[in-house]
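Open the model in your viewer and keep the selection panel at hand. The tour goes one selection at a time.

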Amino acid sequence: MWKKKYSELVRSKKFLRAAVTIGAAAIVMILLSSTVDLSVFRHQPSAEEYSAQLKEQLLDIVSQIDGVGEVKVFLTMDNSGENVYLTNSDTKTKSIEPTVRGVVIVCDGGDDPVVIDRVMGAVTRSLSVSSDRVYITKLG
């Protein structure tokens, strides 16, 4: 019984039109996905947003180090970030994030060599910057 109804449904013109329409739409979507760069629709943070996020994360981690106390963070960035157009690649663009030029940490424990060493290690490792780009001092 169900085989007969299924057979009638498959042979109907409405079913055939629907199948052809769905198939054509699938082919168009496949073709578009390979030619249209959908990455432009993803939100890319601005240099200011990126810097603010980085500063907030650094402030959060440094404030948890024993002996730091109250802490303030100042970051300088080397560039504002950019999108680079690529050739001979599957992706059309590559986003280059701004890089950290320098970091100043001002904290209550900024006069204690142990605290300075801990903060320096956290900053240099988390941001991949050399120690000559980081300055730590006492909050006054």
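In this tour a helix is a DSSP run of at least four residues, and helices are numbered from the N terminus. The model is predicted.

**The whole chain**

Start with a cartoon view. The secondary structure consists of 4 helices and 5 strands. Following the sequence, these elements come in the pattern α-α-α-β-β-β-β-α-β. Of the 140 residues in the chain, 22% are buried. For contacts between residues at least 6 apart in sequence, 61% join residues at least 24 apart.

**Stop 1: Ser51**

Select Ser51, which lies in helix H3, residues 47-63. Is Ser51 buried or exposed? Its relative accessible area is 16%, and the cut-off for buried is under 20%, so Ser51 counts as buried. Leaving aside residues up to four places away in sequence, Ser51 touches Leu75 and Met77.

**Stop 2: helix H3**

Widen the selection to residues 47-63, the whole of H3. The helix has 17 residues and spans 24 Å from its first C-alpha to its last, close to the 24 Å expected at 1.5 Å a residue. Now colour Ala47, Tyr50, Ser51, Leu54, Leu58 and Val62, the buried residues of H3. Turn the view to look down the axis of H3: these buried residues fall within an arc of 95°, so they line one face of the helix. On the other side of H3, select Glu48, Glu56 and Gln57, which are exposed.

What do the buried residues of H3 pack against? Show strand S1 (71-77), strand S4 (100-107) and helix H4 (113-127), the elements they pack against. H3 lies across S1 and S4, and runs at about 145° to S1.

**Stop 3: the sheet**

Select S1, S4 and S5 together. They form an open sheet of 3 strands in the order S1-S4-S5, with mixed pairing. At the edges stand S1 and S5, each with a single partner strand, so one side of each has no neighbour in the sheet. From one strand to the next, the twist averages 10°.

Zoom in on S1 and S4, which pair in the antiparallel sense over 7 bridges. One place to look is Met77, whose bridge partner in S4 is Val100. Met77 is also one of the residues touched by Ser51.

Then add H4 to the view. H4 lies across S1, S4 and S5, running at about 150° to S5.

**Stop 4: the nonpolar core**

In soluble globular proteins, nonpolar side chains tend to be buried together. Here the largest nonpolar core has 22 residues, and those with the most contacts inside it are Leu58, Val103, Ile105, Val119, Val123 and Leu127. At least two residues of this core come from each of H3, S1, S4, H4 and strand S5 (134-138). Which element gives the most to this core? It is H4, with 5 residues.

Select Val123 and display its contacts. Not counting residues up to four places away in sequence, Val123 touches Leu58, Val62, Val103, Ile105, Ser128, Val129 and Val134. Two of these residues, Leu58 and Val62, were coloured earlier among the buried residues of H3.

**Stop 5: Gly69**

Finish at Gly69, in the loop between H3 and S1. With a relative accessibility of 46%, Gly69 counts as partly exposed. Add Gly110 to the selection: the two glycines are 41 residues apart along the chain, and their C-alpha atoms are separated by 9.2 Å.

Terms used:
Residues are numbered from 1 along each chain as its sequence is written. This is a predicted model: local features need pLDDT of at least 70, side-chain atom pairs count only at pLDDT 80 or more; totals for chains, interfaces and linings use all residues. Side-chain values use heavy atoms; hydrogens and water are left out. Buried means under 20% relative accessible area, exposed over 50%, partly exposed in between (1.4 Å probe, protein chains only). Contact means heavy atoms within 4.5 Å. The expected span of a helix is 1.5 Å times one less than its number of residues. The arc is that of the directions from the helix axis to the C-beta atoms. A nonpolar core is a set of buried Ala, Val, Leu, Ile, Met, Phe, Trp, Tyr and Cys residues joined through side-chain atoms within 4.5 Å. Two strands pair if DSSP finds at least two bridges between them. Axes are lines fitted to C-alpha atoms, for helices over the stretch in contact, and angles run from 0 to 180 degrees between N-to-C directions.
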